[in-house]
Amino acid sequence: MELRTWERNGYTVKMVDFDYDLKAFEVVQGDKVQTITPATIEDMKSIIADLDAGEDVDGWEDGLGNTIVIEEE
């Protein structure tokens, strides 16, 4: 699977290699990087579909029990 990037207002989401076919998603806002780590391929596909649909990641869970927080600039 080709690694992709999604641009949002004030931050970027980058798909990165994680565990074989499973990819993680780095949410980059300035110097701050938060990583979403899906548990399954199905979860990963769901995240990709949501990002393709223009979803904002603010409030999403990162897979480790933490909440993604996007700070307004």
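A polar contact is a pair of N or O atoms within 3.5 Å, where, within protein, one atom must be able to donate a hydrogen and the other to accept it, and where residues adjacent in sequence count only if both atoms are side-chain atoms. This is a predicted model, in which local features need pLDDT of at least 70 and side-chain atom pairs count only at pLDDT 80 or more, while totals for chains, interfaces and linings use all residues. Residues are numbered from 1 along each chain as its sequence is written, and side-chain values use heavy atoms, with hydrogens and water left out.

Begin by showing the whole chain as a cartoon, where you will find one helix and four strands (DSSP runs, H or I of at least four residues for helices and E of at least two for strands, numbered from the N terminus). Following the sequence, you meet them in the pattern β-β-β-β-α.

Next, select residues 32-36, which form strand β4, and pick out Q34 within that strand. Is Q34 buried or exposed? Q34 has a relative accessible area of 14%, and therefore it counts as buried (under 20%, with exposed over 50% and partly exposed in between, using a 1.4 Å probe and protein chains only).

Now add V69 to the selection: its backbone oxygen lies 3.0 Å from a polar atom of the Q34 side chain. Leaving aside residues up to four places away in sequence, Q34 touches F25, E26, V27, T67, I68 and V69 (contact means heavy atoms within 4.5 Å).

Finally, zoom out to the full chain, whose C-alpha trace spans about 35 × 25 × 20 Å along its principal axes, and where 37% of the 73 residues count as buried.
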